[in-house]
Amino acid sequence: MRAIKPHRSCLSVPGSSARMQAKAATLEADQVLFDLEDATAPSEKVGARAVIVESLRTHDFGQRCISVRVNGTDTEWCYRDIVEVVEAAGDRIESLILPKAESSADVHFVDRLIGQIELARGWEVGRIGLEVLIESSRGLQQVDAIASASPRLHALIFGPGDLSASLGLGQLTIGMPDSGYEGDIWHFAFMRLLVAARANGLLAIDGPYAAFADLDGLERSARRTAVLGFDGKWVIHPTQIALVNRAYSPDPAVYARAEGILAAYRQATEGEGRGAVRFEGEMIDEATRKMAEAVARRGRWLGLGGQ
Ligand code: COA
Ligand code: MG
């Protein structure tokens with residue numbers, strides 16, 4: 001895992017709402033993402049850039065990961081979103097988020113533009129990261145090319161609302177976990193995105209669940225990707241943050257078992273010269289070590305084990 005900050009809860013905050021942006025600085029979300037895209041009305045899009053810059057300059061967001069979602073490359077706003085926000089507040093931003101990524105060319109465009117601003121400002125080129133939303137049939141089809149398009153990439157994000165519309169699934173609630181389909185309607189998309197993310201060392205992030213008063217539905221929605229090892233999920237309202245932080249935190253008992261396997265395996269290979277040994281009634285070998293290493297690494301990243 002690269003030095004990317006935790007992304008269990010990723011709070012989307014409308015770019016035009018100074019009030020919600022101030023509130024976000026007080027909430028326990030791992031990531032605060034200022035949204036110039038769908039949460040900002042067309043009439044507010046241009047003015048919202050300055051609202052975000054002002055918030056970034058005024059409030060203390062502490063250790064939270066700070067990101068800005070710009071408008072897509074097929075809109076009239078994308079390039080000036082990037083230029084105005086990054087020039088004025090790039091030093092406060094961990095990453096930009098590009099919606100509706102559909103090709104490696106989309107990623108290259110944003111990558112180059114950020115790079116130009118970094119050069120002009122005398123900043124380290126490549127420090128500002130990029131996260132992309134996979135939320136159309138074409139984006140899903142091109143996900144491998146998108147995921148490997150730039151070293152700036154930090155994360156792939158699943159966008160259930162736009163993807164549902166693009167595929168013609170007929171859903172009316174963004175991220176709704178239940179449907180009449182036998183099995184999980186999103187299983188293919190989740191795995192497709194997960195494989196592309198992991199093959200390129202990126203985080204895999206689930207999208208939002210819009211019915212924010214329905215915490216049981218949120219729990220079901222979060223569990224599906226938490227068990228797949230996704231790193232976190234978007235949230236759209238403060239009531240969703242605590243549940244989502246819990247859902248994407250490793251179980252301390254599982255983390256402790258992973259560290260136990262690593263210690264036992266080290267002892268077996270280095271001390272006894274054995275490749276396979278008994279551990280708590282099971283066989284563990286090099287493959288088990290890799291599984292335990294992945295769990296332990298994630299636990300340490302999220303602050304378990306005192307590291
Ligand atoms: N970020 C920060 N603060 C938020 C927030 C958010 N996303 N959503 C609500 N709040 C704050 C409100 O400002 C309010 O606090 P305050 O009274 O101290 O200002 C408090 O939480 C309660 O808000 P509430 O009255 O329940 O919300 P609402 O009914 O006005 O709005 C939504 C509901 C869903 C429209 C609103 O939560 C929202 O805009 N969410 C983000 C939507 C978004 O980003 N969509 C695009 C990505 S999918
Ligand atoms: Mg979308």
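**Notebook: two ligands and the strands around them**

I started at Glu-135, and with a relative accessibility of 4% I put it down as buried. A reminder to myself: this is a predicted model.

**Entry 1: the magnesium ion**

Which protein residues are donors to the magnesium ion, ligand 2? I found Glu-135, through OE, and Asp-162, through OD, at 2.0 to 2.2 Å from the ion. Next I checked where the two residues sit. Glu-135 belongs to the loop between strand E5 (129-134) and helix H5 (137-141), while Asp-162 is part of helix H7 (residues 160-167), so the pair ties together parts that are 27 residues apart in sequence.

Is Asp-162 buried or partly exposed? I read a relative accessible area of 25% for Asp-162, and buried means under 20%, so Asp-162 goes down as partly exposed. Glu-135, at 4%, falls under that cut-off and is therefore buried.

**Entry 2: ligand 1**

I moved on to ligand 1 and its shell of 15 residues. Which of them come nearest? My list reads Ser-12, Arg-19, Lys-23, Ile-236 and His-237.

Then I looked up polar side-chain atoms facing the oxygen atoms of ligand 1. For Arg-19, I noted a side-chain N or O atom 2.5 Å from an oxygen of the ligand. For His-237, the distance between such a side-chain atom and a ligand oxygen is 2.7 Å. Lys-23 has a polar side-chain atom 3.1 Å from an oxygen of ligand 1. How much of ligand 1 does the protein bury? On its own the ligand exposes 900 Å², and the protein buries 64% of that.

I also sorted the shell by class: nine residues are nonpolar, two are polar and four are charged. Strand E1 (9-14) and helix H1 (18-24) each give at least two residues to this shell. The largest share, four residues, comes from E1.

**Entry 3: strand E1 and its partners**

With E1 supplying that share of the shell, I wanted to see how it is placed. I counted six of its six residues as buried. Which residues point which way? Ser-9, Leu-11 and Val-13 point to one side of E1, and Cys-10, Ser-12 and Pro-14 point to the other; all of them are buried.

E1 runs parallel to strand E2 (residues 31-35), and five bridges join the two. Across that pairing I found Ser-12 opposite Leu-33 of E2. Ser-12 was already in my notes as one of the residues that come nearest to ligand 1.

E1 also runs parallel to strand E8 (residues 232-235), here with three bridges. Ser-9 has Lys-233 as its bridge partner in E8. I followed E8 onward to strand E7 (residues 203-206), where two bridges make another parallel pairing. There, Ile-205 is matched with Gly-232 of E8.

**Entry 4: Asn-71**

I picked Asn-71 next, in the loop between strand E3 (65-69) and helix H3 (78-89). Its relative accessible area is 2%, so I wrote it down as buried. Which side chains does Asn-71 make polar contacts with? One contact, at 2.8 Å, goes to the side chain of Lys-45. Another, at 2.7 Å, goes to the side chain of Asp-81.

**Entry 5: helix H9**

My last stop was helix H9 (residues 215-226), which holds Ala-222. The relative accessibility of Ala-222 is 0%, so it is buried. I also looked up the distance from Ala-222 to Ala-22, a residue 200 positions away along the chain: their C-alpha atoms are 26 Å apart.

Arg-224 is in H9 too. Is Arg-224 buried or exposed? I read a relative accessible area of 16% for it, and since the limit for buried is under 20%, Arg-224 counts as buried. A polar contact of 3.1 Å links the side chain of Arg-224 to that of Asp-184.

Technical notes:
Residues are numbered from 1 along each chain as its sequence is written. Chains are lettered from A and ligands numbered from 1 in the order in which they are written. This is a predicted model: local features need pLDDT of at least 70, side-chain atom pairs count only at pLDDT 80 or more; totals for chains, interfaces and linings use all residues. Side-chain values use heavy atoms; hydrogens and water are left out. A residue is near a molecule or strand if one of its heavy atoms lies within 4 Å of it. A polar contact is a pair of N or O atoms within 3.5 Å; within protein, one must be able to donate a hydrogen and the other to accept it, and residues adjacent in sequence count only if both atoms are side-chain atoms. Accessible areas come from the Shrake-Rupley method with a 1.4 Å probe; for residues, only the protein chains shown count as cover. Ala, Val, Leu, Ile, Met, Phe, Trp, Tyr, Cys and Pro count as nonpolar, Asp, Glu, Lys and Arg as charged, and the others, Gly among them, as polar. Donors are N, O and S atoms within 2.8 Å of the metal (3.2 Å for Na, K and Ca); water is not among the atoms, so sites may look incomplete. Buried means under 20% relative accessible area, exposed over 50%, partly exposed in between (1.4 Å probe, protein chains only). Two strands pair if DSSP finds at least two bridges between them.
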